[in-house]
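Subject: Structure for you to look at, with notes

Dear colleague,

Here is the structure I promised to pass on to you. My notes on what was found in it follow below, and I would be glad if you read them with the model open.

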Amino acid sequence: MNRPGRARVALLLTVVTAALLTACTGTDADPARADATPTTQPTSSPTPNSPPPPSPSPTASPTPSTAAEIAEAVDKWYTYGGETAMVSLIEEARNAESGRPREALELVVLDFGGLTDALSTARLMGPIPEPKTQSAWAAAIEHLDGAVREVLASVPKDGRTIQSLQETGQMLRGWSTFDEGIKSLKSAQALLNRRFGLKPSVDPWEAGV
């Protein structure tokens, strides 16, 4: 029996059309709204002898101790499991991509079992205690998880070994989502390195898998 997240299928790559390439693009903004002249709102005149409006309170600036606390919290996240989770996710994403079809009617094995496990571990780590880095990390998890689901959903369920055009289109969209996940994963790793000096001893993008 195949392990969960594993499938063998010949992929019919004949659906790369303009419709697919533009399916995910947004609609243009309404030019009428862009050219609309803003309505001028009447401004009330101040009442004679009325007290001046209160001055806005100054915004407190982050103190060095706050930045230091964030850096310490991120370091703990990375040291106590974060590095392992990130390296594992990178390695398993690279392993999964080895089953990506490169030409028409190529018989491939789609094995996302290791990537699924790595995604589960990444979620257990909890958020990175720095908003921008956490945003990239969360996007990587979300996109890679969505990619796994969409690509596997494109595998024929009736015993066929060749995908239909609709299934091929779904598969291509899944791999496009996978690419977005890889971009976000690289962004999260770069932010940890640039902002906090945290990086694995061996670059998982270059190491053999």
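Please keep in mind throughout that this is a predicted model. Taking contacts with a separation of 6 or more, 80% of those in the chain are between residues 24 or more positions apart. The chain holds six helices and two strands, and along the sequence these elements come in the pattern β-α-α-α-β-α-α-α. Of its 209 residues, 31% count as buried, while the exposed surface of the chain comes to about 13,400 Å², with carbon and sulfur atoms supplying 55% of it.

The interior is the part I would look at next. The largest nonpolar core has 35 residues, and those with the most contacts inside it are Leu89, Phe112, Leu115, Trp137, Phe178 and Leu185. Two or more residues come to this core from each of H3, strand E2 (106–111), helix H4 (113–124), H5 and H6. Leucine 89 is a useful residue to centre the view on: leaving out residues up to four places away in sequence, it touches Leu115, Ala118, Leu119, Ala122, Trp137, Ile141, Leu144 and Leu185.

Helix H5 can be checked for its length, since at 1.5 Å a residue its 23 residues should span 33 Å, and its end C-alpha atoms are indeed 33 Å apart, which agrees. Its buried residues are Thr133, Ala136, Trp137, Ala139, Ala140, Ile141, Leu144, Ala147, Val148 and Val151.

Now to the aromatic residues. A pair of aromatic rings is described by the distance of the centres and the angle of the planes. The search of the whole structure finds three aromatic pairs. In one of them, the rings of tryptophan 77 and tryptophan 137 have centres 5.8 Å apart and planes at 80 degrees, so this pair is edge-to-face. It links distant parts of the chain, with tryptophan 77 in helix H3 (residues 64–97) and tryptophan 137 in helix H5 (residues 131–153), 60 residues apart. Both tryptophan 77 and tryptophan 137 are buried.

Tryptophan 175 and phenylalanine 178 also form an edge-to-face pair, at 5.0 Å centre to centre and with 70 degrees between the planes. Because these two residues are three residues apart in helix H6 (residues 165–196), about one helical turn separates them. Tryptophan 175 counts as buried at 2% relative accessibility, and phenylalanine 178 is buried as well, with a relative accessible area of 1%. Phe112, Trp175 and Phe178 form one aromatic cluster.

What does arginine 100 contact, once its neighbours within four places in sequence are left aside? The residues are Trp175, Phe178 and Asp179. Arginine 100 itself lies in the loop between H3 and E2, and it counts as buried because its relative accessibility is 15%, where the cut-off for buried is under 20%. From arginine 100 to leucine 172 the distance is 9.8 Å, C-alpha to C-alpha, although the two are 72 residues apart in sequence.

One last contact between a charge and a ring deserves a place in these notes: the charged end of lysine 186 sits over the ring of tryptophan 205, at 5.0 Å from the centre of that ring.

With best wishes

Key: Residues numbered from 1 in each chain as written. Predicted model: local features only at pLDDT ≥ 70, side-chain atom pairs only at ≥ 80, totals over all residues. Heavy atoms only, no water. Helix = DSSP H or I, 4+ residues; strand = E, 2+ residues; numbered from the N terminus. Buried < 20%, exposed > 50% of the residue type's maximum accessible area, 1.4 Å probe, protein only. Contact = heavy atoms within 4.5 Å. Areas by Shrake-Rupley, 256 points an atom, 1.4 Å probe, with all protein chains shown as cover. Phe/Tyr/Trp six-rings, centres within 6.5 Å; stacked < 30°, edge-to-face > 60°. Lys NZ or Arg CZ within 6 Å of the ring centre and 35° of its normal. Core = buried A, V, L, I, M, F, W, Y, C linked by side-chain atoms within 4.5 Å. Expected span 1.5 Å × (residues − 1).
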